[in-house]
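Q: Could you take me through one part of this structure slowly, as if I were new to this? I would like to see how that part fits with its neighbours.

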Amino acid sequence: MILEFRKSSYSAQDVNCVEVAHIPARFRKSSYSAQGQECVEVADLPCGAAVRDSKHPAAGHLPFPSSEWSSFLSAALYR
């Protein structure tokens, strides 16, 4: 995956700043979710995973690095 970085529109001209890139994500509903119900959705990212509320997908998502996501899955699956 090639990321396209852009300078923030809030940055001044000729000033070093932090650049951002949009990471396209395909969110999916958990196979453990009931049919037709609202739930948390998850998406695979190049460096981890992201979750979002299926009722409010435009509100954004919460990304997790690979190490944290793996720890969460281990704790959730082996309880």
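A: Let's start with one pair of residues: Lys29 has Glu41 in strand 4 as its bridge partner. Before going on, note that this is a predicted model, where local features need pLDDT of at least 70, side-chain atom pairs count only at pLDDT 80 or more, and totals for chains, interfaces and linings use all residues. Residues are numbered from 1 along each chain as its sequence is written, and side-chain values use heavy atoms, with hydrogens and water left out.

Strands here are DSSP runs of E with at least two residues, helices are runs of H or I with at least four residues, and both are numbered from the N terminus. Two strands pair if DSSP finds at least two bridges between them. Strand 3 (residues 28–29) and strand 4 (residues 40–45) run antiparallel and are joined by 2 bridges.

On to the next neighbour: strand 4 is also antiparallel to strand 5 (residues 48–53), and 6 bridges join them. Within this pairing, Val42 stands opposite Val51 of strand 5. With 2 residues between them, strand 4 and strand 5 make a hairpin. Here is a handy general idea: side chains in a regular strand alternate between the two faces of the sheet.

Now step back to the whole chain. It holds 6 strands and 1 helix, in the order β-β-β-β-β-β-α from the N terminus. Of its 79 residues, 13% are buried, meaning under 20% relative accessible area with a 1.4 Å probe, counting protein chains only (exposed is over 50%, partly exposed in between).
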